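Student: I am new to this structure and would like to understand the words used for it. Could we go through it together?

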Amino acid sequence: MANLKLDHLKKIYEDDGRKVLAVKDFNMEIKDGEFIVLVGPSGCGKSTTLRMIAGLEDISEGRLFIDGEDVTTKAPKDRNIAMVFQNYALYANMTIYENMAFSLTLRKEDPEEIHKKVMKAAAILGLTDQLNKKPKELSGGQRQRVAMGRAIVRDPKVFLFDEPLSNLDAKLRSSMRREIKLLHHNLGATMIYVTHDQTEALTLADRIVVMSMGKVQQIGTPYEVYHDPANAFVGYFIGNPSMNFFDGRIENGDFRGPKDLIYPLEEEQKKIVSSYEGKPILMAIRPENIEIGGDLDYSVDLVEHLGQYSLIHGKLGGYSTVIKARGWHNFKEGETIKVALRKDKVCFFDLADGHRIRG
Ligand code: ADP
Ligand code: MG
């Protein structure tokens, strides 16, 4: 168990003489026992950050502390960190037992101790009956569990996961998600988990780090990043379906789109955007915060039924929009319905750099 301090971490790769700035100024303190998820699109620097923590990549600038100790230049084996990868990286010719015992055997630990640790990890992961099998006899989910078992037996200070569920199908992914959450609960260990999947981030994390283009966009609880996005990127990336965005300008205190959307603002909202009079702005709202019934015209394109909810795709003042409404709605293509935006849920962002406008 451990706390970490990532003190202005930066990574520059040298690629054929070309410099690639993969991670810019990653700055964060992680508490003992926290479950941190780094989330963002492919190429945003998640794996690089994780590999710097593991010691698999040099840190170009900044310092890394584990339990107060500066480990910036320490070798991976001296950091007491275990990493679980997407592709499991199991040894095909070894049994499950041998796979799980391998790192301890290498360390020449006492065989009796090794046996105890492997059996304990196997019990935690429900692998006790699989120990004599070879990896190819196991399902994808079981193999991923073996990969986790190999990490658990080492009793590391920190667990790192790099997209561990990406190779699994959707149903298995959601059940493995619960297992990882339970594992975290049972071990109480510090875990840092990388994914491009915002659902995994929301469901697993104590705190989420949203990244884009090598830069941390927001650090917060799942509630905070979902309900209070720091910028348009976070609003767009977190949540499925994504937030609806309307670009326009503030005119006489009201929002006006370049299309035919005119949205009168309330006093509270006018205050927030008061310095944007005549300037370009992004207005945004989550699909579940548009209500059916109201005084805005909404022209329906298509309805998708999700069971408890319907996704109503259409146009609001000419903008492609999606509404997530409770219940089973059977609106027809081309039908015009009335909707309203929940005033307290409307967000405003600067159109130029995407930052949240809070007034
Ligand atoms: P993610 O895990 O979020 O998909 P990565 O951390 O793998 O992103 O990559 C971040 C950026 O660094 C990308 O632009 C990627 O192309 C670049 N990159 C990653 N590894 C190397 C490397 N070994 N050499 C040069 N560039 C790299
Ligand atoms: Mg990656």
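Student: Which residues surround ligand 1?

Tutor: In this predicted model, ligand 1 is surrounded by Tyr13, Asp15, Ala22, Pro41, Ser42, Gly43, Cys44, Gly45, Lys46, Ser47 and Thr48. To be listed, a residue needs a heavy atom within 4 Å of the ligand.

Student: What makes the approach of threonine 48 to ligand 1 a polar contact?

Tutor: An N or O atom in the side chain of threonine 48 is 2.5 Å from an oxygen atom of ligand 1. The cut-off for such a pair is 3.5 Å, so this one counts as a polar contact.

Student: How do you know that serine 47 and glycine 45 make polar contacts with ligand 1 too?

Tutor: We use that cut-off of 3.5 Å again. For serine 47, a side-chain N or O atom lies 2.8 Å from an oxygen atom of the ligand. For glycine 45, a backbone N or O atom is 3.1 Å from a ligand oxygen atom. Both pairs are within the limit, so both are polar contacts.

Student: Let's turn to the helices. Why is H4 called roughly parallel to H5?

Tutor: The axes of H4 (residues 140-152) and H5 (residues 170-187) cross at roughly 20 degrees and come within 11 Å. Angles under 35 degrees count as roughly parallel, so H4 and H5 earn that name. Their crossing is right-handed.

Student: Which residues make that contact?

Tutor: H4 brings Gly140, Gly141, Gln144, Arg145, Met148 and Ile152, while H5 brings Leu172, Met176, Glu179, Ile180, Leu183 and Leu187. By class, the contact of H4 with H5 has seven nonpolar, three polar and two charged residues.

Student: And why is H2 called oblique to H3?

Tutor: Helix H2 (residues 96-106) and helix H3 (residues 111-125) have axes that cross at roughly 135 degrees and come within 10 Å. Roughly perpendicular covers 65 to 115 degrees and roughly antiparallel needs over 145, so this angle fits neither and H2 is oblique to H3.

Student: What meets what between H2 and H3?

Tutor: From H2 come Tyr97, Met100, Ala101, Leu104 and Thr105, and they meet Ile114, His115, Lys117, Val118, Met119, Ala121 and Ala122 of H3. Nine of the residues in this contact are nonpolar, two are polar and one is charged.

Student: Where is the cis peptide bond?

Tutor: Asparagine 240 and proline 241 are joined by it, with omega about 0 degrees. Proline 241 sits in the loop between helix H8 (232-237) and strand E11 (244-251).

Technical notes
Residues numbered from 1 in each chain as written. Chains lettered and ligands numbered in written order. Predicted model: local features only at pLDDT ≥ 70, side-chain atom pairs only at ≥ 80, totals over all residues. Heavy atoms only, no water. Axes fitted to C-alpha atoms, helices over the stretch in contact; angles between N-to-C directions. Helix = DSSP H or I, 4+ residues; strand = E, 2+ residues; numbered from the N terminus. Left-handed = near helix turned anticlockwise from the far one by under 90°. Contact = heavy atoms within 4.5 Å. Nonpolar A, V, L, I, M, F, W, Y, C, P; charged D, E, K, R; others polar. Polar contact = N/O pair within 3.5 Å; in protein donor to acceptor, adjacent residues only side chain to side chain.
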